[in-house]
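How does one read the overall form of a chain and then the setting of its single residues? The dialogue below takes these points in turn.

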Amino acid sequence: MHPPLSPHKHPMCAEIIELFRKCHADHLVGKIFRECTDLKIQLDRCFRQEKAVKRMTNFEESNKFKERLKAFREEQTNEENIQS
């Protein structure tokens, strides 16, 4: 099973999505007999690569946020110590 095939949600895979949709439209009966299997495999691989890129980006953003939060907390602690 694959996610919804919206090219705007999957810009990395937009070309394969269009080819896959065209294959299904051109082979109405053939899609039952696995006419578009090669494109489906390519699409699955593309989705996996896209997910890996998103996961890495989110991880990097999370680390940056954690660093900013740590710096903010240290600054707040230093200000509290000065006021005491």
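What follows is a conversation between a learner and a teacher about this predicted model.

Q: Where should I begin, and how many helices and strands does the chain have?
A: A count of secondary-structure elements is a good place to start, and here the count for the chain is 2 helices and 0 strands. Bear in mind throughout that the model is a predicted one.

Q: What does the radius of gyration say about the chain when it is set beside that of a compact globule?
A: The general idea is to hold the value against the one expected for a globule with that number of residues. For 84 residues a compact globule would come near 12 Å, whereas this chain has 23 Å. The box filled by the C-alpha atoms, taken along the principal axes, gives a second view, with dimensions of roughly 80 × 20 × 15 Å.

Q: What should the span of helix 2 be, and what is the distance between its end C-alpha atoms?
A: A helix has an expected rise for each residue, so that the span of helix 2, which holds 47 residues (37-83), should be 69 Å at 1.5 Å a residue, and the 68 Å between its end C-alpha atoms agrees with this. A pair inside the helix can be read in a similar way: K66, which lies in helix 2, is 11 residues from T77 in sequence and 16 Å from T77 in space, C-alpha to C-alpha.

Q: How is helix 1 to be read, and what is the distance in space between E15 and A25?
A: Helix 1 covers residues 14-26, and E15 is found in this helix. Between E15 and A25 there are 10 positions in sequence and 15 Å in space, again from C-alpha to C-alpha.

Q: Which residues of helix 2 are buried, and what do they pack against?
A: Burial is judged from relative accessible area, with under 20% counting as buried and over 50% as exposed. In helix 2 the buried residues are L39, L43, C46, F47 and E50, and these buried residues pack against helix 1. Taking the chain as a whole, 18% of its 84 residues count as buried.

Q: Is F20 buried or exposed, and where is F20 placed?
A: F20 has its place in helix 1, and F20 counts as buried because its relative accessibility is 6%. Its C-alpha atom is separated by 9.2 Å from that of D38, although the two residues are 18 apart along the chain.

Q: Are E15 and K66 buried or exposed?
A: E15 counts as exposed, with 64% relative accessibility, and K66 is likewise exposed, with a relative accessible area of 52%.

Q: What is found in the loop between helix 1 and helix 2?
A: A loop can be read through backbone angles as well as accessibility. R34 is found in this loop and has a positive phi of about 65° although it is not a glycine; at 67% relative accessibility, R34 counts as exposed. K31 also has its place in the loop, but K31 is partly exposed, at 40%. The C-alpha atoms of K31 and R73, 42 residues apart along the chain, are separated by 57 Å.

Q: What do the contacts, the surface and the charges add to the picture?
A: Of the contacts with a separation of 6 or more, 50% are accounted for by residues 24 or more positions apart. The accessible surface comes to about 7100 Å², and carbon and sulfur atoms hold 56% of this area. As for charge, the chain has 16 positive and 14 negative charges, whose mean positions are 7 Å apart.

Technical notes
Residues numbered from 1 in each chain as written. Predicted model: local features only at pLDDT ≥ 70, side-chain atom pairs only at ≥ 80, totals over all residues. Heavy atoms only, no water. Helix = DSSP H or I, 4+ residues; strand = E, 2+ residues; numbered from the N terminus. Rg over C-alpha atoms; globule rule 2.2 N^0.38 Å. Buried < 20%, exposed > 50% of the residue type's maximum accessible area, 1.4 Å probe, protein only. Contact = heavy atoms within 4.5 Å. Areas by Shrake-Rupley, 256 points an atom, 1.4 Å probe, with all protein chains shown as cover. Lys, Arg positive; Asp, Glu negative; His and termini not counted. Charge placed at Lys NZ, Arg CZ, Asp CG, Glu CD. Expected span 1.5 Å × (residues − 1).
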